[in-house]
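Reader: I have a structure open and a few minutes to go through it. Can you take some quick questions?

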Amino acid sequence: MTITIPGFEYQQISTTDGVRLNVAVGGSGTPLVLLHGFPQTHLMWRHVATALASDHTVICPDLRGYGASDKPIEENADTYSKRTMATEIVEVARRLGHEKFALVGHDRGALVAIRAGLDHPDVITHLGSLDVLPTLDMWDILHGSNAAVAFHLYLMAQPPGLPEQMISASADAFFEYFLDAWTQNREAIPADVRAEYLRASREAVPSIVADYRASAGIDIEHDQADRDAGNQLHMPVTVIQQDWGSMLGYDAEALWKAWAPDLEHRTLSAGHFMAEEAPAEVVDAIRTLLKR
């Protein structure tokens, strides 16, 4: 890793199962953890994190399997379950001295954040989600030809072997496709950051696939168990999304309301990588969330 968030200190934090996470920490004040999405690293938060560090201790890890964090071999379904990854984030925050914290995630990181909120409700004080639906709902709304927008979900849901081989054979083309297709303003991801995302993803194909594979299996089981038990996110929740509901024919706010009674739902005119394309709007939404 050659690019860092200005003013942030970096450390490798080991968890109880021996996995080391690369973590950037900056600022001072009440703790806030920011979790990145695909195909990115913690660097996606560089604008948002520096703005929020003026009055918060901001913690930006690379998720297990991504960036400069360890990439354990997928031994079973739990290796990259969002439950495992969420527990890891809670442990990292605790090792940094924070028993409770606010948590905001984008894309894959949002799925980890949602699971943390369900599994650790006494730890997560506020929860933010950028441009994703809970796993169970995500699969439910994909139907017919509209599901083509999420072709990568189906590819990486396949058993180990073929998806890893196919993606590794054209890794830069595969990952760069999403950086292009999901971005409205390509200048928001400058060349050096783009190159870092591609390098990090190219070196993490098996673990990235394993993360997605878990979302087609064990993560669904965990979400379904919570839905059956009536479990919800009872902390204040803010969701920021593109207007996927109108595009794919569902009521995004209603789906979220079933999980989060104390919900603020915002739609944003930006690409998927909104923390880089519209950082001021994302900072405003997070600040508003933390005041609730």
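Reader: How much space lies in the largest cavity?
Author: About 50 Å³. Keep in mind that this is a predicted model.

Reader: How many cavities of 30 Å³ or more does the structure hold?
Author: One.

Reader: Which residues line the largest cavity?
Author: Lys82, Leu111, Ile114, Arg115, Thr135, Asp219 and Asp223.

Reader: And which helices supply at least two residues of that lining?
Author: Helix H3 (108-119) and helix H10 (218-229) each do. H3 gives the most, with three residues.

Reader: Now pockets. What volume does the largest pocket have?
Author: About 530 Å³. It is lined by 28 residues, and the closest to its centre are Asp131, Ala150, His152, Trp182 and Trp244.

Reader: Which elements give two or more residues to that lining?
Author: H3, H4, H5, H7 and helix H11 (244-248). H5 gives the most to the pocket lining, with three residues.

Reader: Let's stay with H7. Which of its residues are buried?
Author: In helix H7 (residues 171-181) they are Ala171, Phe174, Phe175, Phe178 and Leu179. Seen down the axis of H7, these buried residues fall within an arc of 135°, so they line one face of the helix.

Reader: Why would residues three or four places apart point the same way?
Author: Because an α-helix has 3.6 residues a turn.

Reader: What covers the buried residues of H7?
Author: The cover includes H5, helix H6 (162-169), helix H8 (191-202) and helix H9 (205-215).

Reader: Which residues form the aromatic cluster?
Author: Phe38, Phe151, Phe174, Phe175, Tyr177, Phe178, Trp182, Tyr212 and Phe273 form one cluster. Among them, Phe174, Phe175 and Phe178 are also buried residues of H7. Trp182 comes up again too, as one of the residues closest to the centre of the largest pocket.

Reader: Does a charge sit on any of those rings, I wonder. What sits over the ring of Tyr212?
Author: The charged end of Arg108, 3.7 Å from the ring centre. Elsewhere, the charged end of Arg64 sits over the ring of Tyr80, 6.0 Å from its centre.

Reader: How many aromatic pairs does the count come to?
Author: Twelve. Take Trp139 and Tyr154 as one case: their ring centres are 5.3 Å apart and their planes are at 85°, so the pair is edge-to-face.

Reader: Where in the chain are those two?
Author: Trp139 is in helix H4 (residues 135-141) and Tyr154 is in helix H5 (residues 151-156). They are 15 residues apart, and the pair links distant parts of the chain.

Reader: Is Trp139 buried or exposed?
Author: Trp139 counts as buried, because its relative accessibility is 17%. Tyr154 has 34%, so Tyr154 counts as partly exposed.

Reader: Last topic, Ala68. Where is Ala68 found?
Author: In the loop between strand E4 (56-61) and helix H2 (82-95). Ala68 is partly exposed, with a relative accessible area of 33%.

Reader: What does Ala68 touch?
Author: Gln12, Asn22 and Asp62, not counting residues up to four places away in sequence.

Reader: What separation do the C-alpha atoms of Ala68 and Arg20 have?
Author: They are separated by 9.0 Å, with the two residues 48 residues apart along the chain.

Methods. Residues are numbered from 1 along each chain as its sequence is written. This is a predicted model: local features need pLDDT of at least 70, side-chain atom pairs count only at pLDDT 80 or more; totals for chains, interfaces and linings use all residues. Side-chain values use heavy atoms; hydrogens and water are left out. Rings of Phe, Tyr and Trp (its six-membered ring) pair if their centres lie within 6.5 Å; planes under 30 degrees apart count as stacked, over 60 as edge-to-face and the rest as tilted. Helices (H or I, at least four residues) and strands (E, at least two) are DSSP runs, numbered from the N terminus. Buried means under 20% relative accessible area, exposed over 50%, partly exposed in between (1.4 Å probe, protein chains only). A charge sits over a ring if NZ of Lys or CZ of Arg is within 6 Å of the ring centre and within 35 degrees of the ring normal. The arc is that of the directions from the helix axis to the C-beta atoms. Contact means heavy atoms within 4.5 Å. On a 1 Å grid over the protein atoms alone, a cavity is a set of points where a 1.4 Å probe fits but cannot get out, and a pocket is an open set with protein on both sides within 12 Å along at least five of seven lines; lining residues have an atom within 4 Å of a point. Grid points are joined across faces, edges and corners, and a volume is the space filled by probe spheres set on the points.
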